[in-house]
Amino acid sequence: MHTPKHEKILLQFDEESNVADCEIRSELSTIARTGSNLWLAFDEGAGLERLSINDKTYSKHTRFLLSDYISLPAEDEEIDIEGIAYADHYLWLAGSHSLKRSKPDKEKDSVTKQIKSLAKVKNDPNRYTIARIPVILNEKTGEYQLYKQHPNPDKPKEILRATKIKAGKKNSKLSQALRKDKHIGPFMHIPGKDNGMDIEGIAVRNGRIMLGLRGPVLRGYALIIEIAVEEKKGKLKLKKIGKHKNKYRKHFVHLRGMGIRELAYAKDDLLILAGPTMDCDGTIGLYRMKGGPKDKKESITHEEGIEQLFNIAMGHETPYGKDKAEGITLTEDEKIMVVYDAPADERMVGDSDAYADIFPYQ
């Protein structure tokens, strides 16, 4: 299956906003849209980046620090935000919940030190974040704005609040529950890029929250974890889903052995960006699950039940580790925008900008 013809659109970031020698454009991990605004996150940050459409480019870069809206166990450390979604006046975000294995530094370290580094596994506290923040259109500026709390535009007596699922420095209520799961539990102690537990997408529709897992992939089947939440005394809590005994449901999807890199809704259909679960080059493709996962019960979708729309990137066509499609969202005219981690040289412009791709969708 080939990559269809597509357009490019320029994303313009402020050079001063780069963090700790990390260029935002080089670490993009997820994207969502509200009106004429794009919301993006990058791997090394603890905030959200907003861009605004301006004459066929997205610019007017503004950063929002998440510590201004929600509490974080380690305020200055990365969250590893891997999923953003918009629903019902909230911007939802999901950290990876994954462990991180150290990467050998072949430029600075000896062979012995490089080998030792591969045995080091880090647990970053902020990665256990699942939160929602009110995002409301400012009629004066025409821009969507994050708020710690704000009246619901549809129900003025109801107050929308920035909240998150309870989490500590080593886990969250969700990861605690998943540790007991017979499918996912054995992979909780394995780093994300080693086929361990790794959230890399979130999609929200009608109160149903879908979390796409890059890993584990089990016998070719990727996993979507469905959760539901309720707000009590200003805090977000997991609640039981229907008659299911756990506070989550599992949906297995055969993606030809690939893991989930991003989720997004297109009306009632769930779009799935899929690619290698481990740190290797390979095909990254877009799939569609018509109607999304079934309600009221867990599900398994076999290969013939998932529609492959097209391939976005072919690993063998780019240098190793480059141009990894990581985020998708629908544009205002219902096309698919794709952003990339580690963009190829030809995708980068100047000192801080990069091209995203716009693919047709029908």
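A cavity is, on a 1 Å grid over the protein atoms alone, a set of points where a 1.4 Å probe fits but cannot get out, whereas a pocket is an open set with protein on both sides within 12 Å along at least five of seven lines, and lining residues have an atom within 4 Å of a point. Grid points are joined across faces, edges and corners, and a volume is the space filled by probe spheres set on the points. The model is predicted, so local features need pLDDT of at least 70 and side-chain atom pairs count only at pLDDT 80 or more, while totals for chains, interfaces and linings use all residues. Residues are numbered from 1 along each chain as its sequence is written, and side-chain values use heavy atoms, with hydrogens and water left out.

**Exercise 1. Describe the largest cavity and its lining.**

Step 1: The structure holds one cavity of 30 Å³ or more, and the volume of the largest cavity is about 30 Å³.

Step 2: Among its lining residues are Leu-11, Arg-25, Tyr-340 and Arg-347.

Step 3: Strands (DSSP runs of E, at least two residues, numbered from the N terminus) enter here, since β27 (336-341) and β29 (353-359) each supply at least two lining residues, and β29 gives the largest share, three residues.

Step 4: The lining divides into eight nonpolar, no polar and two charged residues, where Ala, Val, Leu, Ile, Met, Phe, Trp, Tyr, Cys and Pro count as nonpolar, Asp, Glu, Lys and Arg as charged, and the others, Gly among them, as polar.

**Exercise 2. Set out the lining classes of the largest pocket and of the second largest pocket.**

Step 1: The largest pocket, with a volume of about 1500 Å³, is lined by 48 residues, and those nearest its centre include Lys-100, Lys-193 and Asp-279.

Step 2: Its lining holds 14 nonpolar, nine polar and 25 charged residues.

Step 3: The second largest pocket, of about 470 Å³, has 21 lining residues, with Arg-33, Tyr-86, Ala-87, Arg-205 and Tyr-265 nearest its centre.

Step 4: That lining holds 14 nonpolar, four polar and three charged residues.

**Exercise 3. Explain why β15 and β24 each have one side without a neighbour in the sheet.**

Step 1: The open sheet of five strands runs β15-β16-β17-β20-β24, with mixed pairing, two strands being paired if DSSP finds at least two bridges between them.

Step 2: Because β15 (198-205) and β24 (299-301) stand at the edges, each has a single partner strand, and one side of each is left without a neighbour.

Step 3: Within the sheet, β17 (221-227) and β20 (249-254) pair in the antiparallel sense over six bridges, and Ile-225 has Lys-250 in β20 as its bridge partner.

Key: Helices (H or I, at least four residues) and strands (E, at least two) are DSSP runs, numbered from the N terminus.
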